[in-house]
Amino acid sequence: MEKMVYFYGGGIAEGSAKMKNLLGGKGANLAEMARMGLPVPAGFTITTEVCDYYWKHDRSFPETLEAEVEAALKRLEEVSGKKFGDKDNPLLVSVRSGAAVSMPGMMDTILNLGLNDETVEALAKNTGNPRFAYDAYRRFMQMFGDVALGIPHHDFEEALNKVKEEKGVKLDIELEAEDFKKVVELYKEIYKKAGKEFPQDPKKQLWIAIEAVFGSWMNERAIKYRAINGIKEGELLGTAVNVVMMVFGNMGDDSGTGVCFTRDPNTGEKVKYGEYLPNAQGEDVVAGIRTPYPLEKLNEILPDVYKQLIDIMDMLEHHYKDMQDIEFTVEKGKLYFLQTRTGKRTAKAAIKIAVDMVKEGLIDKATAVMRVTPDQIDKLLHPAFDEAEIKKAQEIGEGLPASPGAATGKVVFSADEAEELAKEGTPVILVRPETSPEDVGGMNAAEGILTATGGMTSHAAVVARGMGKPAIVGAEEIVIDEEAKEFEARGVKVKDGDWISIDGTTGKVYLGKVKTIKPQGLEGEVAELLNFADEIRVLGVRANADIPRDANVARNFGAEGIGLCRTEHMFFEGDRIQKMRRMIVSKTVEQREAALEELLPLQKEDFKGLFEAMEGFPVTIRLLDPPLHEFLPQDEEQMKELAPQLGITVEELKEIVENLHEFNPMMGHRGVRLAITYPEVAVMQTKAIIMAAIEMVKEGKKVKPEIMIPLVGTVKELKYLDKIVRETADKLIEEAGVDLDYKVGTMIEVPRGAITADEIAEVAQFFSFGTNDLTQMTLGFSRDDYGKFINDYIEKGIYEKDPFKHVDQTGVGRMVKIAKDYGRSVNPELKLGVCGEHGGDPESIEFFHKTQLDYVSCSPYRVPIARLAAAQAAVKFKRGKFVNYAD
Ligand code: PEP
Ligand code: MG
């Protein structure tokens with residue numbers, strides 16, 4: 001520590017805005033303003049390094065600190081023309097905390113330091129206002145006693161109230177100088193009773209205050225604040241201490257205090273925004289004792305000061321190149337700036353300000369992109385609860401925040417009921433133990449979905465995200481009784497038809513109806529900001545979409561193709577499920593082929609719709625993936641109904657269902673394994689894809705079909721399928737006599753596939769990482785059941801975060817890297833994407849960018865977030881496109 005104290009004032013400054021870590025935000029910006037020649041009250045800052053030293057050396061200070069503070073104090077006296085403790089012209093200071101990161105109200109502040117029995121007289125005389133002087137004195141004693149010496153705040157309040165009562169008044173402003181003198185005497189008694197003495201020596205006061213501020217770095221609320229805001233202990237050195245000459249806003253009508261923003265922090269509009277309170281000190285505003293006026297009031301009272309303020313606001317915004325939140329005081333017609341900092345703002349304002357500043361030439365596009373968080377974009381795309389109403393609502397449970405947005409509706413317990421009520425225009429929330437593909441109609445009809453089990457990649461979560469519907473999954477507190485059509489949560493019984501509200505952004509469930517606010521959507525400045533993001537990002541962004549409607553949504557949100565079409569979702573619509581079931585229960589290949597023949601034209605139309613929505617962009621279509629039992633009913637009643645429709649007996653159907661039963665279906669007969677057993681299914685799907693593409697080409701449209709094989713663990717599986725797919729496709733293309741290019745690739749989602757990626761890359765033209773299954777199989781955590789224990793893992797610090805939400809970079813991430821390196825060592829052109837749910841998670845997107853992948857694919861409503869996150873990753877970590885993929 002070479003230098004521990006930095007002085008500023010009189011137009012000079014030892015510090016600057018660049019020294020935030022050392023001087024804290026407040027100190028660095030005060031120094032910067034002094035450097036710019038702006039009117040700031042002179043002062044000095046003791047560095048955060050001293051705070052660090054203090055806590056590391058048993059609450060003691062470095063030896064030379066005292067001499068440095070003394071020297072700074074002397075300079076302060078020179079610049080101010082006042083003297084500490086002087087009987088005629090005393091210097092008064094404020095002592096404030098200020099860390100590198102703003103922690104509003106978490107640490108201590110002491111004002112009017114330097115007052116004692118003598119200096120208070122001088123202050124009274126010099127201002128001609130004894131009332132003001134004694135009020136300042138008693139305020140100081142109160143703050144000092146409370147903050148620095150730990151005397152309970154309410155002891156002082158009691159004494160003040162006593163004087164008011166004796167006088168028969170209610171308000172502070174009704175007290176006069178003599179009354180405050182009495183208060184001061186009572187305060188001295190309070191100090192004595194607490195076994196302390198009020199120090200009359202200003203230097204003593206100063207050192208006690210400095211120590212109190214450094215001490216407050218470790219108070220309970222500051223520690224909690226850091227924890228809540230994700231600031232790790234040790235990440236910051238500590239707080240700085242700012243000792244600043246006092247200026248007074250309460251010296252009459254030509255004095256006052258205010259706070260202002262250089263732009264409107266709510267809307268982002270380029271208008272000055274703020275409040276002014278004449279004849280007051282900052283704490284009067286904070287305490288809410290008096291209501292401030294709009295900033296323009298200052299123009300009426302002191303037009304010259306107003307003009308100066310406006311000019312300097314402009315200057316500060318230009319200088320910092322961001323919206324500023326400024327505190328100022330007017331003392332007898334003279335304006336002082338007490339603080340400037342980057343202003344907090346709403347999501348809407350953040351976006352507008354960033355875009356406007358680019359247009360004004362103040363910042364570049366990369367800076368604009370970094371000024372908005374993916375969360376802020378997300379907020380604008382989903383409905384939210386009315387803030388006042390949700391505060392009053394009763395919370396009855398919490399689960400995983402699976403799909404963002406707020407929804408309110410009547411509880412229903414079945415998908416059919418959801419569809420029926422929704423048809424009548426009744427908003428419903430579908431509450432299920434879990435969902436299955438049969439529920440998609442009801443999910444689509446519902447305003448929101450709530451399930452008692454399941455994780456972030458469960459069916460309910462994946463489908464809801466795809467639809468852009470709010471959903472909470474794995475809300476274990478909710479105990480559902482489907483028979484009785486009710487659930488119980490935190491002791492509250494909720495029946496069929498009762499209103500509940502769910503917040504898919506926070507995972508919270510509320511009782512009753514809560515008003516929701518419509519989302520803004522992708523218009524105006526949001527669209528402009530995302531266009532900036534597109535110019536900057538290197539990663540492509542595609543969507544996971546299964547039907548043309550979702551593909552259109554995704555396209556409007558800026559998706560550059562489809563990274564995953566889960567074809568199984570198409571089989572649940574209308575009467576297709578019957579055709580699918582007939583295929584499953586077929587006894588011979590001929591029967592199966594006949595059933596498939598019926599499905600083919602339907603699939604072809606689906607694919608055509610997708611190709612049309614994404615014209616010119618790649619569309620990756622995955623062959624059938626889930627285990628077949630998912631397509632058959634599991635309960636007897638339904639089997640009885642279904643069997644005759646399929647032309648088989650109930651017994652036969654039962655036997656088929658039993659045969660399909662697996663102890664571990666996620667590791668069972670699914671993915672490529674189905675096609676190994678039933679290649680005719682792959683043939684039908686390939687035909688549907690290629691025939692749709694041929695029709696497109698014949699209509700003069702551009703198509704880029706990519707056929708994707710799921711769950712490949714060995715190159716031999718892929719070789720077997722690749723041959724079938726290519727033979728089928730090439731034959732059709734040849735017959736049609738068109739020019740059509742297609743690709744065949746694989747998902748990398750089985751660990752064996754990842755670590756033999758060099759072999760697989762000999763056949764595959766692209767890899768798409770299925771990080772849902774890859775996480776499931778690498779960690780050995782069932783993606784449907786992990787919700788039951790993951791919190792224990794997180795609480796105990798074994799996994800830091802939910803690995804199905806944020807990719808586990810150390811383990812699963814290493815799998816991705818290995819596969820990338822092996823794959824590209826064989827084929828440097830190999831296209832690499834991600835289509836697991838992590839493809840829409842900003843933190844994971846940054847990782848995929850760094851890992852040199854080519855694109856991410858996510859649910860349509862996450863596409864805008866992914867575009868922004870990919871751009872932010874590109875600003876943070878420069879990389880070339882497709883080349884130099886080694887770390
Ligand atoms: C995956 O496993 O990551 C994936 C995208 O496939 P699914 O979620 O359909 O298993
Ligand atoms: Mg998968």
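These are my notebook entries on one protein chain and a magnesium site in a predicted model.

**Entry 1: the whole chain**
I began with the overall count. The protein chain has 887 residues, and buried residues make up 57% of them. I then looked up the secondary structure and found 35 helices and 34 strands. For the extent, I took the box along the principal axes. The C-alpha atoms fill roughly 110 × 60 × 55 Å.

**Entry 2: the magnesium ion**
Which protein donors does the magnesium ion (ligand 2) have? I found Glu749, through OE, and Asp773, through OD. They lie 2.0 to 2.1 Å from the ion. The pair links distant parts of the chain, 24 residues apart. Glutamate 749 is in the loop between strand S31 (743–748) and helix H29 (751–755). Aspartate 773 is in helix H31, residues 771–779.

I also checked burial at this site. Glutamate 749 has a relative accessible area of 2%, which is under the 20% cut-off, so I list it as buried. Aspartate 773 comes to 3%, so I list it as buried by that cut-off too.

**Entry 3: a charged patch**
Next I turned to the surface. Asp416, Glu419, Glu420 and Glu424 form a negative patch there. I followed up one of these residues, Glu419. Glutamate 419 sits in helix H17, which covers residues 415–423.

Is glutamate 419 buried, exposed or partly exposed? Its relative accessibility is 34%. Buried needs under 20% and exposed needs over 50%, so glutamate 419 counts as partly exposed. The 34% also passes the patch cut-off of over 30%.

Note on methods:
Residues numbered from 1 in each chain as written. Chains lettered and ligands numbered in written order. Predicted model: local features only at pLDDT ≥ 70, side-chain atom pairs only at ≥ 80, totals over all residues. Heavy atoms only, no water. Patch = residues over 30% accessible without salt bridge, like charges linked within 9 Å, V, L, I, M, F, W, Y side chains within 5 Å. Areas by Shrake-Rupley, 256 points an atom, 1.4 Å probe, with all protein chains shown as cover. Salt bridge = Lys/Arg side-chain N within 4 Å of Asp/Glu carboxyl O. Lys, Arg positive; Asp, Glu negative; His and termini not counted. Charge placed at Lys NZ, Arg CZ, Asp CG, Glu CD. Helix = DSSP H or I, 4+ residues; strand = E, 2+ residues; numbered from the N terminus. Buried < 20%, exposed > 50% of the residue type's maximum accessible area, 1.4 Å probe, protein only. Donors = N, O, S within 2.8 Å, 3.2 Å for Na, K, Ca; no water.
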